[in-house]
Amino acid sequence: MVKSRFVVLQMKDIVRTGIFVVIGLVLLIALIWAIMPRSSNTDMGARNFIPGTYTSYIIIHNRPIGVLVTVDENKIIDITLSEMAESQEVFYPLIRPTMATLSQEVISKQSTNIEGPADAAVTSRILLDAINNALAQASAEN
């Protein structure tokens, strides 16, 4: 004859085990997410360019300012401003220093997925858009 055995589980043990299982799953998902490679459209390292210098224009004070982006086959070499009038520099003094900061960051990271200076957020966004437009012209995928 088979004897029946009863296993008594206390509710606190079940809850504690459930919490540890949830924490373990969250940590496992976070670990997988952290080590998986990410691909982004704004990541320039994975793109191929047609070597050359490309210009994108922004209009400020009814005059264009050229944003020149120089690339070789797979990296950004230089980013500069051109055709900036003296009146534009007087009325918009943050353009040159912001472009210098952005240029350094974009070239070092080879990506336009960066944050500009906090005191020039709008200027940074305008300049990054112009840089992205020039890089789109340089893209070999076009």
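## A loop residue to start with

Let's begin with I50, which sits in the loop between α1 and β1. Keep in mind as you look around that this model is predicted. I50 has a relative accessible area of 42%, and because values between 20% and 50% count as partly exposed, that is the label I50 receives. Its C-alpha atom lies 8.8 Å from that of Q137, although 87 residues separate the two along the chain.

## Helix α1 and a nonpolar patch

Helix α1 covers residues 11-35, and I14 is found there. With a relative accessibility of 45%, I14 is partly exposed. I14 also helps to make a nonpolar surface patch of about 960 Å². Its partners in this patch include V7, L9, M11, V15 and F20.

## A hairpin of two strands

Next, find strand β1 (residues 52-60) and strand β2 (residues 63-71). They run antiparallel and are joined by nine bridges. In β2, P64 stands opposite I59. Two residues lie between the strands of this hairpin, and H61 takes a positive phi near 60°.

## The two sides of helix α3

Helix α3 spans residues 95-109, 15 residues in total. From its first C-alpha to its last it reaches 21 Å, close to the 21 Å expected at 1.5 Å a residue.

Which residues of α3 are buried? They are I95, T98, M99, L102, S103 and V106. Seen down the axis of α3, these buried residues fall within an arc of 135°, so they line one face of the helix. Q104 and S108, on the other side of α3, are exposed.

Conventions:
Residues numbered from 1 in each chain as written. Predicted model: local features only at pLDDT ≥ 70, side-chain atom pairs only at ≥ 80, totals over all residues. Heavy atoms only, no water. Patch = residues over 30% accessible without salt bridge, like charges linked within 9 Å, V, L, I, M, F, W, Y side chains within 5 Å. Areas by Shrake-Rupley, 256 points an atom, 1.4 Å probe, with all protein chains shown as cover. Salt bridge = Lys/Arg side-chain N within 4 Å of Asp/Glu carboxyl O. Helix = DSSP H or I, 4+ residues; strand = E, 2+ residues; numbered from the N terminus. Buried < 20%, exposed > 50% of the residue type's maximum accessible area, 1.4 Å probe, protein only. Pairing = 2+ DSSP bridges. Expected span 1.5 Å × (residues − 1). Arc of directions from axis to C-beta.
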